[in-house]
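Visitor: Got a minute to walk me through this one? I'd like to go over the strands, then the helices, then any odd backbone spots.

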Amino acid sequence: MEVRPKILIVEDEEVLADFLKRRLMDECGFEVQVIHDGAQASQEAEAFCYGMVVLDLNLPGMHGLDVLRQIRRRSLDLPVIIVTGMGSVEDRVAGLNAGADDYLAKPFAFRELEARIRALLRRKGGAGARLKVGDLELDRVARSVRRGERQVELSPKEFDLLEYLMLHVDTAVPRNTIFKQVWKTANDAKMTNVVDVYVNYLRRKIDGEHAAPMIWTVRGVGYRLGLSSLSQSSL
């Protein structure tokens, strides 16, 4: 599978930073590092290869705009989204003029931040817009799927389910975890059969009569997507 993009979150509000990290990792499949200090963030961005920076402005150690200017002196193409409570027109203009690619004022909806991240990754050609396992390829921006030379038409929920399984390739994922993460609903033992129904839909569309099935049942656990079966898995 292709390498997931690594995102650096620079945010001194620890609760918000932890919330963003958890959702970007669990729901979007990104790798995420959190830094709470501006000076440390500048060093981190220089020392490691990131695909995206989500940057607050009012930071201890160094103001966010100074962090941004240092990043831009070293890297012209690293995408940076400013996320801050400073939302006036003057603040936005200052951030964009300092080199930000986008600017999002707090409070904001997580889905909007996610959409802006995906849009920037697409424009910058960042890794992670596509997931690939064998001849199965999923485009997370265009929301399209191919198996070999064949285009696969999926419903929105089928797409979300396949994306989640591909993000956890070769991992046995419990039914209740799939239900919670894909349907965004608290666990309900009566509803986990919905997962079985949608997995069967996916199998017919993804595997079908293909000689190399990819979606496996893990007895007593749930499902696994991978190139080959394991001893505890079955179709």
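Visitor: How many bridges join β6 to β7, and which way do they run?
Guide: 4 bridges join β6 to β7, and the two run antiparallel. This is a predicted model, in which local features need pLDDT of at least 70 and side-chain atom pairs count only at pLDDT 80 or more, while totals for chains, interfaces and linings use all residues. Residues are numbered from 1 along each chain as its sequence is written, and side-chain values use heavy atoms, with hydrogens and water left out.

Visitor: What counts as a strand, and when do two strands pair?
Guide: Strands (E, at least two residues) and helices (H or I, at least four) are DSSP runs, numbered from the N terminus. Two strands pair if DSSP finds at least two bridges between them.

Visitor: OK, what's in the turn between β6 and β7?
Guide: β6 and β7 form a hairpin with 2 residues between them. Glycine 134 sits in that turn with a positive phi of about 60°.

Visitor: Which residues stand opposite arginine 130 and lysine 132?
Guide: Arginine 130 faces aspartate 139 in β7, and lysine 132 stands opposite glutamate 137 of β7.

Visitor: And where do the β6 side chains point?
Guide: They alternate: Leu131 and Val133 point to one face and are buried, whereas Arg130 and Lys132 point to the other and are not. Buried means under 20% relative accessible area, exposed over 50%, and partly exposed in between (1.4 Å probe, protein chains only).

Visitor: What's the strand order in the sheet?
Guide: The order is β6-β7-β8-β9 in an open sheet of 4 strands, paired antiparallel. β6 (130–133) and β9 (150–152) are at the edges with a single partner strand each, so one side of each has no neighbour in the sheet. On average, neighbouring strands of this sheet are turned by 20° against each other, direction ignored.

Visitor: How about β7 and β8, how many bridges there?
Guide: 4 bridges join β7 (residues 136–139) to β8 (residues 144–147), again running antiparallel. Leucine 136 has arginine 147 as its bridge partner in β8.

Visitor: Which strands does helix α6 touch?
Guide: Helix α6 (residues 156–167) packs on the sheet and touches β6, β7 and β8, its direction making about 115° with that of β7. Contact here means heavy atoms within 4.5 Å. Axes are lines fitted to C-alpha atoms, for helices over the stretch in contact, and angles run from 0 to 180 degrees between N-to-C directions.

Visitor: And what does α8 lie across?
Guide: Helix α8 (residues 193–207) lies across β7, β8 and β9, at about 165° to β9.

Visitor: Switching to α7: which residues are buried?
Guide: In helix α7 (residues 175–183), Ile178, Phe179, Gln181, Val182 and Trp183 are buried. They pack against α1 (14–26), α6, β10 (173–174), α8 and β12 (222–225).

Visitor: At what angle do α7 and α8 cross?
Guide: Roughly 80°, with the axes of α7 and α8 coming within 9 Å. That makes α7 roughly perpendicular to α8; angles under 35 degrees count as roughly parallel, over 145 as roughly antiparallel, 65 to 115 as roughly perpendicular and the rest as oblique. Arg175, Ile178, Phe179 and Trp183 of α7 make the contact with Val194, Val195, Asp196 and Tyr198 of α8.

Visitor: And how far apart are the axes of α6 and α7?
Guide: The axes of α6 and α7 are 10 Å apart, packing at an angle of about 125°. The two helices are therefore oblique to each other. On the α6 side the contact is made by Lys157, Asp160, Leu161, Tyr164 and Leu165, and on the α7 side by Thr177, Ile178, Gln181, Val182 and Trp183.

Visitor: Now the backbone oddities. Which residues does the cis peptide bond join?
Guide: Lysine 106 and proline 107, with omega about -5°. Proline 107 is in the loop between β5 (102–105) and α5 (110–124).

Visitor: Where is aspartate 170 found?
Guide: Aspartate 170 is in the loop between α6 and β10. Although not a glycine, aspartate 170 has a positive phi of about 65°. Aspartate 170 counts as partly exposed, at 49% relative accessibility.

Visitor: What follows α7?
Guide: Lysine 184, whose phi is positive, near 55°.
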